[in-house]
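This report is a guided reading for someone who is meeting the structure for the first time. Please keep the sequence and the model side by side while going through the paragraphs below.

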Amino acid sequence: MHRPACLPHPQRLRRLIGAAGACLAMALPPAPGHAAPAYPAPIMGPQTTAHAWGIETRFAQSTPCRVEMSINQTTFLAHMPEMIQAGLFNTQVTPALQKQIPHYLMNTLQIDVTPGFVHALFTQRGAPASCHFDWFYTAPDGTRHPMVGFDMTRAADARIDWAHLRFGDMAAATRNPVIDPRFDALVNQETVDVTIALGRATPETDLPPPSNAGKGAR
């Protein structure tokens, strides 16, 4: 049974997320007129703040192509106020909610930044015909855990309308998607938790009143 490379989120829960362009810009390839770097070049530009927010990328090996992407959970949560200010998440992602749904939030971030990383690789000069991508996260206790993995081809990348990319567009183009069962279970449980929290929208959940729901969302 094939599953999407990125865990889905109900549309209602997407109110927590800010503009997709803010995340995607972390790894977009050079603008027209600028020479593309030669493969294998870093897929996360030096101008990005993603490093400070706990995101790292590296080539696990050059042949065959394999890219590892990771999120440091502690660093990621510590810089959540900056990400909210930058528009990646909206103000409903309060400190109380962050503690309740860290895996949900990390998964949401990887969904938004993955297309930029993939496209940055396949627009490099001499890019391979295909590559395998893996996401991991480092827990507060220092242990490393798998999140999701998938294969992507240069041909599939070329068929995507990158100028008008929508949330989730790339998932259909991936091959051999795998979601780690433990991570899957944690995200699913936290999805239930955030659904309940948003449904209640009471002071106990540290969420804004219903009149502010959706402010700053897509």
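In this model, which is a predicted one, Arg 66 forms a salt bridge with Asp 134, and the closest N and O atoms of the two are 2.7 Å apart. Arg 66 belongs to strand E2 whereas Asp 134 belongs to strand E3, so the pair ties together parts that are 68 residues apart in sequence. With a relative accessible area of 30%, Arg 66 is partly exposed, while Asp 134, with a relative accessible area of 10%, is buried.

**Salt bridges**

How many salt bridges does a search of the whole structure find? The search finds three, and the table sets out the partners together with the separation of their closest N and O atoms.

| Arginine | Acidic partner | Closest N and O atoms |
|---|---|---|
| Arg 66 | Asp 134 | 2.7 Å |
| Arg 58 | Glu 68 | 3.0 Å |
| Arg 144 | Glu 68 | 2.9 Å |

Arg 144 is placed in strand E4, which covers residues 144–153, and its partner Glu 68 is placed in strand E2, so this salt bridge ties together parts that are 76 residues apart in sequence. Salt bridges that share partners join Arg 58, Glu 68 and Arg 144 into one network. In the salt bridge between Arg 58 and Glu 68, Arg 58 comes from strand E1 and Glu 68 from strand E2, so the parts tied together are 10 residues apart in sequence.

Is Glu 68 buried or exposed? Glu 68 has a relative accessible area of 12%, and because this value is under 20% the residue counts as buried. Arg 58, at 47% relative accessibility, counts as partly exposed, and Arg 144, at 44% relative accessibility, also counts as partly exposed.

**The hairpin of E1 and E2**

The strands that hold Arg 58 and Glu 68 can also be followed as a pair in their own right. E1 and E2 run antiparallel and are joined by six bridges, and together they form a hairpin that has four residues between the two strands. Within this pairing, Thr 57 stands opposite Met 69 in E2. In a regular strand, the side chains alternate between the two faces of the sheet.

**The disulfide**

A search of the whole structure finds one disulfide. Which residues form it? The partners are Cys 65 and Cys 131, whose sulfur atoms are 1.9 Å apart. Cys 65 sits in the loop between strand E1 (55–61) and strand E2 (66–72), and Cys 131 sits in strand E3 (residues 130–138), so the disulfide ties together parts that are 66 residues apart in sequence. The torsion about the S-S bond of Cys 65 and Cys 131 is about -70°, and the disulfide is therefore left-handed. Both cysteines are given as buried, Cys 65 with a relative accessible area of 7% and Cys 131 with a relative accessible area of 3%.

**Backbone features**

Two places along the backbone deserve a separate look. The peptide bond that leads from Tyr 39 to Pro 40 is cis, with omega near -5°, and Pro 40 has its place in the loop between helix H1 (20–24) and E1. Farther along the chain, Asn 176 has a positive phi of about 50° although this residue is not a glycine. Asn 176 lies in strand E5, and at 48% relative accessibility it counts as partly exposed, because the value falls between the cut-offs of 20% and 50%.

**Ala 173 and its surroundings**

The last residue to locate is Ala 173, which is found in the loop between helix H6 (154–159) and strand E5 (175–179). Which residues does Ala 173 touch, if those up to four places away in sequence are not counted? Ala 173 touches Met 152, Ala 156 and Ile 160. Although Ala 173 and Met 152 are 21 residues apart along the chain, their C-alpha atoms are separated by 7.2 Å. Ala 173 is partly exposed, with a relative accessible area of 23%.

Methods. Residues numbered from 1 in each chain as written. Predicted model: local features only at pLDDT ≥ 70, side-chain atom pairs only at ≥ 80, totals over all residues. Heavy atoms only, no water. Buried < 20%, exposed > 50% of the residue type's maximum accessible area, 1.4 Å probe, protein only. Contact = heavy atoms within 4.5 Å. Disulfide = S-S within 2.5 Å. Pairing = 2+ DSSP bridges. Salt bridge = Lys/Arg side-chain N within 4 Å of Asp/Glu carboxyl O.
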